[in-house]
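This report goes through a single protein chain, from its overall layout to individual side chains. Please look over the sequence and the structure before reading on.

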Amino acid sequence: KVLYLQLQADLDSKNDKLIQAAVMEEIAMRETAVTGLQEQLKFAENESALLRKENAMLKHQIAALNGGVVPPPIASFVGTAATGGGGDAGQWGDMINTLKSSLADKQKALMGAEEDKVRLGHQLAEEKLTVFR
């Protein structure tokens, strides 16, 4: 009977080692997934910051155009029409509409980046929670 109990204890020990190895492998896999999600989240945050910067620049340019002041990037783009050298109002209207549509596109891209950032944040939280369970 003692031999039987000893063999059973050895089997339990081997099973514990197998289970422990499987758990460690699962943890390593989850940690890799968490790291990947963190990198994706960082990329999404960087993209969001870039889009915010572009969005602010476009808003500034539109406000300047609506106020009659031409910021330097636009003045160089439009040339003599922007400095009062014979341009007509139609060019200004076209440029303002182009900038507004560009701003709307950037805002849509920004919203998409923000949605991606939120989604990745949720996935990251779920993976971290799974790892710690």
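In which helix is Ser48 found? Ser48 is found in helix 1, which covers residues 2-66. The model is a predicted one, and the sections below take up its layout, its confidence, its buried positions and its salt bridges.

## Overall layout

The protein chain contains 3 helices and 0 strands. In sequence order the pattern is α-α-α. Helix 1 is made of 65 residues. From its first C-alpha to its last, helix 1 reaches 93 Å, close to the 96 Å expected at 1.5 Å a residue. Helix 2 takes in residues 72-78, and helix 3 takes in residues 89-132.

Of the 133 residues in the protein chain, 20% are buried. The accessible surface of the chain is about 9,700 Å², and carbon and sulfur atoms account for 60% of that area. For contacts between residues at least 6 apart in sequence, 77% join residues at least 24 apart.

## Confidence in the model

The mean pLDDT of the protein chain is 76, with 79% of its residues at 70 or more. Among the elements of the chain, helix 1 has the highest mean pLDDT, 83, and helix 2 the lowest, 52. Over residues 78-86 the pLDDT is below 50, and this stretch has 9 contacts in the model beyond near neighbours in sequence. Where pLDDT is low, the predicted coordinates should not be read in detail.

## Buried positions in helix 1

Several residues of helix 1 are buried, among them Val34, Leu37, Leu41, Ala44, Leu51, Leu58, Ile62 and Leu65. The buried set in helix 1 also includes Ser48, Asn55 and Gln61.

Why does Ser48 count as buried? The relative accessible area of Ser48 is 2%, and the cut-off for buried is under 20%. Leaving aside neighbours within four places in sequence, Ser48 is in contact with Leu110, Ala113, Glu114 and Lys117.

Asn55 also lies in helix 1. Asn55 is counted as buried because its relative accessible area is 8%, which falls under the 20% cut-off. Not counting residues up to four places away in sequence, Asn55 touches Leu103, Gln107 and Leu110. Leu110 therefore appears among the contacts of Ser48 and also among those of Asn55.

## Met95 in helix 3

Met95 has its place in helix 3. With a relative accessibility of 9%, Met95 counts as buried. Met95 and Ile62 are 33 residues apart in sequence, while their C-alpha atoms are 9.3 Å apart in space. Ile62 is one of the buried residues of helix 1.

## Salt bridges

How many salt bridges does a search of the whole structure find? The search finds 5. One of them pairs Lys106 with Glu54, with the closest N and O atoms 2.7 Å apart. This pair links distant parts of the chain: Lys106 is in helix 3 and Glu54 is in helix 1, 52 residues apart. Lys106 counts as partly exposed at 27% relative accessibility, and Glu54 is partly exposed at 23%.

Another salt bridge joins Arg30 to Glu26, with 2.9 Å between the closest N and O atoms. Both residues lie in helix 1, 4 residues apart, which is about one turn of the helix. Arg30 is partly exposed at 25% relative accessibility, and Glu26 is partly exposed with a relative accessible area of 34%.

In helix 3, Arg119 and Asp116 are 3 residues apart, again about one turn of the helix. Arg119 forms a salt bridge with Asp116, and the closest N and O atoms are 3.9 Å apart. The cut-off for a salt bridge is 4 Å, so the distance of 3.9 Å falls within it. Arg119 counts as partly exposed at 42% relative accessibility, as does Asp116 at 34%. Salt bridges that share partners also join Arg52, Glu114 and Lys117 into one network. Two members of this network, Glu114 and Lys117, are among the contacts of Ser48.

Definitions and conventions
Residues are numbered from 1 along each chain as its sequence is written. This is a predicted model: local features need pLDDT of at least 70, side-chain atom pairs count only at pLDDT 80 or more; totals for chains, interfaces and linings use all residues. Side-chain values use heavy atoms; hydrogens and water are left out. Helices (H or I, at least four residues) and strands (E, at least two) are DSSP runs, numbered from the N terminus. Buried means under 20% relative accessible area, exposed over 50%, partly exposed in between (1.4 Å probe, protein chains only). Contact means heavy atoms within 4.5 Å. Accessible areas come from the Shrake-Rupley method with a 1.4 Å probe; for residues, only the protein chains shown count as cover. The expected span of a helix is 1.5 Å times one less than its number of residues. pLDDT is the predictor's confidence in each residue, from 0 to 100. A salt bridge is a side-chain nitrogen of Lys or Arg within 4 Å of a carboxyl oxygen of Asp or Glu.
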